[in-house]
Every structure is written in C-alpha cells, then in structure tokens.
Amino acid sequence: MAGNSSDEKEECLRLYKNDSRIPCKYGIKCYQKNPAHHEKYKHPSNKYKLDNASKDEKYTKRTKEDISKQSPNKHTLDDEGKDERCTKRTKEDIPKQSPNDGSSHPGGSSAAEEEEFSLPDDVKEAIKEAFLVEMPDDFYSFWSFCLSLKKDSPAGALKDVGLFLVGPFDLILNRESFKKCKKVDYLRHWRYYFDPPEFQTVIKGDDKTEFHLGYYRDDPSSDPCFVASNSAAVDCTITPVAENLFGAVNSYLETRKNKSDPFHKMKISSLQKSLHSWAKENNFDLDVNTAAMKARARKVVAKTFHKGGIVVPVNKTNDTGYRPLIESEVNLKKILKNYANSDSDDQRKALMDKLQPIITAANIANDECDFGTSLELGLDLFSFGGDVFHGMIKHLLCTAYALLNREAFAEIITAHLGKRLKGPNLSVLVTSGRS
C-alpha cells in the first residue's frame, strides 16, 4: 500500500511537526470525535486508522481495551474536548468529586437534612414542592374516586382488595401530620428500597412481597410515562402496567379477580364497574399498553437492571446521547456480586480493578456527551443494591442527572441513599416518630 511507504511517513511526520496546534496527549489513540477538540489539538497521522475511518466517516469511540490501559484510579481528559453541539450541560459545569466520595454532590447538600420549610396552601403546588414532581390529572381524579367510595377514609377505600393510597396522597389526607417534616423526609416518604428517582410510589399493596404502584417518568419536569409496579421484597424489576392509575388498578383487579373465589369475584367486579364508569366519564384510558407507552418504549436506549428502561436525548446526526456499557449485564452482575461479598480489603481492591474501568468508561462517555451511559450504570448499581455501592451510585447518578438537567432526581437519590430502608414500613410519619 502506497500509504505505508517510507517517503509518505516522513512527509506525515514533517506536516505534524510544522502543525502549530497543541499536541494531543493521547496521540493516535485519541478517542475524541468532537470538531472543537480537533481544531485545537493536533494528532499524528495513522494511515490505517484513516483508511478504516473513511468507511464510517466517524471517529471511533474509545474501546474497552483503551480504557483498561489507563490508571484505574484517575480519569483526566482535555477540558477543551467538549462538543459545543450538545445542548445539555457539559461535565465541566458539574462540581468534581470522587466516585467513592459521599460528601458534596450536584443534587444538593446535607443542609437538606435539617431544613424545615412551609408548603404552599394550594395542594398541587404543595405536592410539587414536597416531592419535586407534579402529579398528573388522573392522580387527583383517583383521589376523588376513592372519596366517592369511602368518604370518611379514602386512603383505605381499596382495602378489601389489598390496596392503600400512600405517598403524595398522605399530604392531601393529613397535612398537619407533616407539619414538622424536613425537606428530605418528603423525598423518602414511601420510597421502597428499589424505587429509583424516576419512580414515585402512590399505592401500596401487601407487605409480604412489598408490591406497590407508582408513577414512572424519565424527566422530573415531564408527565409520567406510565404507572408501574414493583415488588421490592422479590427483586428490582419495574413493570409498566398502564398509562394512568385507573388503568393500573383495573389491571390489578383483573388479575386478582382471576385468582379469587366466586364471592370475592363479585365484589371485585362491582368495584371494577364503578372504576370503569368513573374512568369513562373522565376520559381516562384503561388500556395496559397505550400508543404513548409504545412510543416511549421505542425511545428506550437501555433496559437497565430494573427493566423499566431509560430515555435520554439522542442526537443521531453527531452520534451523541448514549453508548452501551463496556461490560455485559451478566459480567457486570458477577463483578458487583463478588465485590459486595468480598470480605477483605485486598480482595475488594482486586475487584475494584475490574469495576473501575467500567466507571471510567462512563465518565469518558460524559465527556463525549453520552450522558445516558452514566445514568445506566448508576441505576444498575442502585438496582443491584448494597450500601457498599452508595458512594459510586451518588457520583454517577448526580453527575448524569445534572448533565441531563434533571436536578430534582439528584436531590431524590441523595435523600434516599442517606437513609435507604428495606421492608414495608416506609412512612416517614412512622420512621420519624410522628405517627
């Protein structure tokens, strides 16, 4: 090949030496594809690399092998490597912190632990300020429906079928009980062990499986994508159930009815009839997989361990927004399991050598505006569970949420990790001694 001749190599070397741009410290192994980076930094010619690049017309994103060669405890990149085409915040805008540091974070500070605050008089505004997300119309309509069933105790209107209204519903029912709550208390109220910030519990089921229903949203400023279920005592799986509470409860009733005796079937059918009538009158769809849910499913870039999936802005023109983790789900779970079960510092250090490159790759992805990668890895660690990962989770998720302009989720995860409880008794009115 002519490009490999000695004369051509000498010419490439001469051009490189005469180039007035700053040499890139990564040389021919540079992974950056940002035009801003290449305008400022020069790179040695690599004919083989250019020949292959011409087939794809893209710079290749850094590989697992490249990442494994750098220091496992340090991640340094050129600050000028930002892609100005990205519309979201860049990593340089986010405060620096160690992956294992549990101190400062973009999502708030420990001051939230002591902060007491008064809520607005308007119930919708009060819920938004307390829980950092708005409840949709079906939430308030479902409350009215339960009032129509049992005016003196709407939270227990579905008690006969094993369901209870909790979470934000509690603020409507008994606002005085929350009078001395700190800001962080609201963010932990009825937050089950495997509830990520995207999930807001509003209905609890049986205590044995810790079944519960909640709104799942990709962005704290957007409407929920769907109502999902989780059984925290079983696993971390988040299952989309329906687009709204009426559809979700109807699906639950249908399943329960199929397992009930004739007497209970009649009671459930009667409740379903009332629910159907209310939903029809107020134009709430009872389908379990609506057009909107299908549209959202098509936007999912990664399922994550909890299977609810994540959605992030993706720019197909410049190939930014998300890249897969450098380890498979199976391998990552093995690494996490061994790390969590390690019983010596030496053993944990050896395992950290396997985990750190995955974290480093996610940090590198942030520098290239693939913010969804840190989000995926942080949620995977959260869904796997274990206090030993909390520092890593906080670092990955708070950074990702800040980059994605989802700061409310960063506040929620920080509050949750500060007191992440297992079990079915998750009302802050009980755990804080205010029952």
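The largest nonpolar core (buried Ala, Val, Leu, Ile, Met, Phe, Trp, Tyr and Cys residues joined through side-chain atoms within 4.5 Å) has 51 residues, and Leu 355, Leu 375 and Leu 377 have the most contacts inside it. Buried here denotes under 20% relative accessible area, with a 1.4 Å probe and protein chains only. At least two residues of this core come from each of α8 (183-188), α12 (329-341), α13 (345-367), α14 (372-384), α15 (390-403) and α16 (407-418); helices (H or I, at least four residues) and strands (E, at least two) are DSSP runs numbered from the N terminus. The largest share, eight residues, is supplied by α15. Beyond its neighbours within four places in sequence, Leu 377 is in contact (heavy atoms within 4.5 Å) with Leu 325, Leu 332, Ile 358, Ile 359, Ala 362 and Leu 396. A second, separate core of 45 residues includes Ala 126, Phe 142, Cys 181 and Leu 245.

The model is predicted, and local features need pLDDT of at least 70, side-chain atom pairs count only at pLDDT 80 or more, and totals for chains, interfaces and linings use all residues. Residues are numbered from 1 along each chain as its sequence is written, and side-chain values use heavy atoms, with hydrogens and water left out.

Strand β4 (residues 199-204) is largely enclosed by the rest of the structure, because six of its six residues are buried. Strand β4 pairs (at least two DSSP bridges between the strands) with β3 (residues 164-165) in the antiparallel sense over two bridges; Lys 204 in β4 is the bridge partner of Phe 164. Strand β5 (residues 211-216) runs antiparallel to β4 and is joined to β4 by five bridges, with Gly 214 of β5 opposite Thr 201. In the hairpin of β4 and β5, six residues lie between the strands, and Glu 210 takes a positive phi near 60°.

Note on methods. Buried < 20%, exposed > 50% of the residue type's maximum accessible area, 1.4 Å probe, protein only.
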